[in-house]
Amino acid sequence: MKKLVTYYNLSKEELGKVIFPTKEQVRNAAVSVVIVVSVITLFLALVDLILSASVSSIL
């Protein structure tokens, strides 16, 4: 039982050290992710279009 209490106290102490992000930081990170994913998606769509056209002209 003593080990369980010690584990609980240490866990509570460590949780007190955690710094959670602000709403603005979360929003900025989410916007950054959406922008990066959109750019990569557009790039891959362009590469797919070019390769598809190349293969179609060869065949």
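# Briefing: a two-helix model

Val-55 is a residue of helix H2. The model is predicted. The protein has two helices and zero strands, and the C-alpha trace spans about 75 × 30 × 10 Å along its principal axes. Buried residues account for 0% of its 59 residues.

**Overall dimensions**

- The radius of gyration of the protein is 25 Å, whereas a compact globule of 59 residues would have a value near 10 Å.
- Val-55 and Leu-4 are separated by 51 residues in sequence, and their C-alpha atoms lie 65 Å apart in space.
- Within the chain, Ile-40 and Ser-57 are 17 residues apart, with a C-alpha to C-alpha separation of 26 Å.

**Surface and exposure**

- The accessible surface of the protein amounts to about 5800 Å².
- Carbon and sulfur atoms contribute 73% of that accessible surface.
- With buried residues at 0% of the chain, what is the exposure class of Val-55? Val-55 counts as partly exposed because its relative accessibility is 47%, and partly exposed lies between the cut-offs of 20% and 50%.

**Helix H2 and the nonpolar patch**

- Helix H2 covers residues 23-58, and Ile-40 lies in this helix.
- Ile-40 has a relative accessible area of 45%, so Ile-40 is classed as partly exposed.
- Which residues make the nonpolar surface patch? The patch is made by Val-36, Ile-40, Phe-43, Leu-44, Val-47 and Leu-51.
- The area of this nonpolar patch is about 550 Å².
- Ile-40 can belong to such a patch because patch residues need over 30% relative accessible area, and Ile-40 has 45%.

**Charges and the salt bridge**

- The protein carries 6 positive and 4 negative charges, and the mean positions of these two sets are 16 Å apart.
- How many salt bridges does the structure hold? The structure holds one salt bridge.
- The salt bridge joins Glu-14 and Lys-17, with the closest N and O atoms 3.2 Å apart.
- The Glu-14 and Lys-17 contact counts as a salt bridge because the N and O atoms are 3.2 Å apart and the cut-off is within 4 Å.
- Are Glu-14 and Lys-17 buried, partly exposed or exposed? Glu-14 is partly exposed, at 44% relative accessibility, while Lys-17 is exposed, with a relative accessible area of 54%.
- Lys-17 is placed in the exposed class because that class requires over 50% relative accessible area, and Lys-17 has 54%.

How values were computed. Residues numbered from 1 in each chain as written. Predicted model: local features only at pLDDT ≥ 70, side-chain atom pairs only at ≥ 80, totals over all residues. Heavy atoms only, no water. Patch = residues over 30% accessible without salt bridge, like charges linked within 9 Å, V, L, I, M, F, W, Y side chains within 5 Å. Areas by Shrake-Rupley, 256 points an atom, 1.4 Å probe, with all protein chains shown as cover. Salt bridge = Lys/Arg side-chain N within 4 Å of Asp/Glu carboxyl O. Helix = DSSP H or I, 4+ residues; strand = E, 2+ residues; numbered from the N terminus. Buried < 20%, exposed > 50% of the residue type's maximum accessible area, 1.4 Å probe, protein only. Rg over C-alpha atoms; globule rule 2.2 N^0.38 Å. Lys, Arg positive; Asp, Glu negative; His and termini not counted. Charge placed at Lys NZ, Arg CZ, Asp CG, Glu CD.
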